[in-house]
Amino acid sequence: MTTVTIVPMRPRHLDALMHHEHAMFGTEAWTRSSYRAELADTAHRTYVAAEGSDGVLLGWAGVRVLADEAEILTVGVVPEGRRQGTARRLIAALLDAARAGGAADVFLEVRVDNEAARALYESEGFASIGMRPGYYDSGRVDAVVMHREL
Ligand SMILES: CC(C)(COP(=O)(O)OP(=O)(O)OC[C@H]1O[C@@H](n2cnc3c(N)ncnc32)[C@H](O)[C@@H]1OP(=O)(O)O)[C@@H](O)C(=O)NCCC(=O)NCCS
């Protein structure tokens, strides 16, 4: 099994990240410039990357902290790196950053049809607290809003 290291995400990760972004996130894919803007907002946002022992990008994730509330903005693990606990480690790093930033509650939105992500978040202590109808895919797919305390 590959040794995975969690590191701060940097612009140097974006070439590898953009190679995967559309395949993994489809209509919700972000652009390179939106990632650059996210990484630049170091006052409120923390992004982490998972690297294999050869330095290859295996995953990434980000959180925004505003006052005492945090929001998980994205979590992704490349297909060949999945089911090895990498998303759990990325989320743990985000929760540490949110705690350090003074957050008491963490929220996120996830597609109602994303069973893998919903199972992941439930196993990490998140509970569904509501729905946002038509949040994704131009109104076609609902979001589940999830929450956990820190
Ligand atoms: C969802 C995703 C981030 C999970 O990454 P991962 O590194 O494979 O997740 P982990 O190995 O840390 O899994 C942790 C737990 O999540 C759940 N889980 C993960 N993938 C799952 C799947 N395909 N089906 C069911 N449960 C799953 C399981 O409870 C798992 O624990 P287990 O392996 O001990 O059973 C990954 O599949 C992904 O990037 N998907 C595409 C992008 C995406 O949907 N991101 C989330 C948007 S909100």
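Which residue takes a positive phi in the hairpin of β6 and β7? Aspartate 137 does, with a phi near 55°, and four residues lie between the two strands of that hairpin.

## Basis of the description

The model is predicted: local features need pLDDT of at least 70, side-chain atom pairs count only at pLDDT 80 or more, and totals for chains, interfaces and linings use all residues. Residues are numbered from 1 along each chain as its sequence is written, and side-chain values use heavy atoms, with hydrogens and water left out.

## Strand pairing

Helices (H or I, at least four residues) and strands (E, at least two) are DSSP runs, numbered from the N terminus. Two strands count as paired if DSSP finds at least two bridges between them. Strand β6 (residues 127–136) runs antiparallel to strand β7 (residues 141–149), and six bridges join them. Within this pair, glycine 130 has valine 145 in β7 as its bridge partner.

Strand β4 pairs with two strands named here. With β3 (residues 57–66) the sense is antiparallel, over eight bridges, and tryptophan 60 has glycine 76 of β4 as its bridge partner. The hairpin of β3 and β4 has two residues between the strands, and alanine 67 in the turn shows a positive phi of about 55°. With β5 (residues 105–111), β4 pairs in the parallel sense over three bridges; here alanine 70 stands opposite valine 106 in β5.

## Ligand contacts

Three consecutive residues place polar atoms by oxygen atoms of the ligand (a polar contact is a pair of N or O atoms within 3.5 Å). For arginine 82, a polar side-chain atom lies 3.5 Å from a ligand oxygen. For arginine 83, a backbone N or O atom lies 2.8 Å from a ligand oxygen, and for glutamine 84 a polar backbone atom is 3.2 Å from one. Taken alone, the ligand exposes 920 Å² (Shrake-Rupley method, 1.4 Å probe), and the protein buries 74% of that area.

## Shell around the ligand

The elements that give two or more residues to the shell are α1 (14–25), β4 (69–77), α3 (86–100) and α4 (115–123). Helix α4 provides the largest share, five residues.

The ligand has 19 residues around it (a heavy atom within 4 Å); Val75, Val77, Arg83, Gly85 and Asn114 come nearest. By class, the shell holds eleven nonpolar, five polar and three charged residues (Asp, Glu, Lys and Arg count as charged; Ala, Val, Leu, Ile, Met, Phe, Trp, Tyr, Cys and Pro as nonpolar; the others, Gly among them, as polar).

Methods
Polar contact = N/O pair within 3.5 Å; in protein donor to acceptor, adjacent residues only side chain to side chain.
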